[in-house]
Amino acid sequence: MPDLDTAFAAMADPTRRAILTRLAQGGEATVAELAAPFAMTQPAVSQHLKVLERAGLITRRIDGQRRPCRLAPDALAGIEDFLTGLRRALDASYDRLDALLDTLPDQGASE
């Protein structure tokens with residue numbers, strides 16, 4: 001599971017988010033395949049991939065001359081757990097607010 005600070009920092013860049021989206025939708029891809037939609041060099045994309053790999057979000061394997069990338073197993077599990085906790089806390093706050101509002105007299109009914 002990636003460190004949350006490192007993972008969020010890696011995902012702060014729109015290019016890296018686009019790479020993650022591409023890997024999530026299309027599966028494994030090479031640097032050349034990932035670089036195709038961007039107006040940047042393959043070495044620049046490789047730098048983005050290194051950041052994602054250090055963050056634990058992607059893995060690479062060696063396949064002859066190729067080094068295809070893929071999403072790391074459970075790469076987003078820690079992030080998802082963190083966001084789920086925030087969602088639960090937010091939902092609980094809204095539930096408390098709804099309960100409070102239900103106890104107040106109806107201000108919309110006049111005359």
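**Helix packing and local environments in the predicted model**

Alanine 9 is partly exposed, with 45% relative accessible area. The model described here is predicted. Alanine 9 belongs to helix α1. Its C-alpha atom is separated by 19 Å from that of alanine 24. Along the chain, alanine 9 and alanine 24 are 15 residues apart.

Helix α1 spans residues 4–11. Which residues of helix α1 are buried? They are Ala7, Ala10 and Met11. Viewed down the axis of α1, these buried residues fall within an arc of 95°, so they line one face of the helix. An α-helix has 3.6 residues a turn, so residues three or four places apart point the same way. The buried residues of α1 pack against three helices: α2 (14–26), α4 (42–54) and α5 (77–103).

Two packed helices are described by the angle between their axes and the distance between the axes. For α1 and α5, the packing angle is about 95°. The axes of α1 and α5 lie 10 Å apart. The two helices, α1 and α5, are therefore roughly perpendicular to each other, because angles of 65 to 115 degrees count as such. On the α1 side, the contact is made by Leu4, Ala7, Phe8 and Met11. On the α5 side, Gly78, Ile79 and Phe82 take part. By class, the contact of α1 with α5 has six nonpolar residues and one polar residue. No charged residues occur in the contact of α1 with α5.

A second helix pair is formed by α2 and α4. The axes of α2 and α4 come within 10 Å. They cross at roughly 75°. Helices α2 and α4 are therefore roughly perpendicular to each other. From α2, the contact involves Thr15, Arg16, Ile19 and Leu20. From α4, the contact involves Val45, His48, Leu49, Val51 and Leu52. The residues of the contact of α2 with α4 comprise six nonpolar, two polar and one charged.

Threonine 15 lies in helix α2. Is threonine 15 buried or exposed? Threonine 15 counts as buried, at 15% relative accessibility; the cut-off for buried is under 20%. Leaving aside neighbours within four places in sequence, threonine 15 is in contact with Phe38, Met40 and His48. Of these, His48 also appears among the α4 residues in the contact with α2.

In soluble globular proteins, nonpolar side chains tend to be buried together. The largest nonpolar core of this model holds 20 residues. Leu34, Leu49, Leu52 and Leu57 touch the most other members of this core. At least two core residues come from each of α1, α2, α3 (31–35) and α4. One of the leucines named above, leucine 49, touches Ile19, Val31, Leu34, Ile58, Arg60 and Cys69. That list does not count residues up to four places away in sequence. Leucine 49 is also one of the α4 residues in the contact with α2.

The loops were examined next. Glycine 27 sits in the loop between α2 and α3. Its relative accessible area is 27%, and glycine 27 is partly exposed. With neighbours within four places in sequence left aside, glycine 27 is in contact with Arg22 and Cys69. Cys69 is also touched by leucine 49. Glycine 27 and arginine 61 are 34 residues apart in sequence. In space, 13 Å separate glycine 27 and arginine 61, C-alpha to C-alpha.

Proline 37 occupies the loop between α3 and α4. Proline 37 is exposed, with a relative accessible area of 66%. The C-alpha atoms of proline 37 and alanine 18 are separated by 9.7 Å. Along the chain, proline 37 and alanine 18 are 19 residues apart.

Aspartate 74 is found in the loop between β2 (69–71) and α5. What is its backbone phi angle? Aspartate 74 has a positive phi of about 60°, although it is not a glycine. Aspartate 74 counts as exposed, at 61% relative accessibility.

Leucine 104 lies in the segment after α5. Leucine 104 counts as partly exposed, at 47% relative accessibility. Leucine 104 and leucine 90 are 14 residues apart in sequence. Their C-alpha atoms are 22 Å apart in space.

Key. Residues numbered from 1 in each chain as written. Predicted model: local features only at pLDDT ≥ 70, side-chain atom pairs only at ≥ 80, totals over all residues. Heavy atoms only, no water. Buried < 20%, exposed > 50% of the residue type's maximum accessible area, 1.4 Å probe, protein only. Helix = DSSP H or I, 4+ residues; strand = E, 2+ residues; numbered from the N terminus. Arc of directions from axis to C-beta. Contact = heavy atoms within 4.5 Å. Core = buried A, V, L, I, M, F, W, Y, C linked by side-chain atoms within 4.5 Å. Axes fitted to C-alpha atoms, helices over the stretch in contact; angles between N-to-C directions. Parallel < 35°, antiparallel > 145°, perpendicular 65-115°, else oblique. Nonpolar A, V, L, I, M, F, W, Y, C, P; charged D, E, K, R; others polar.
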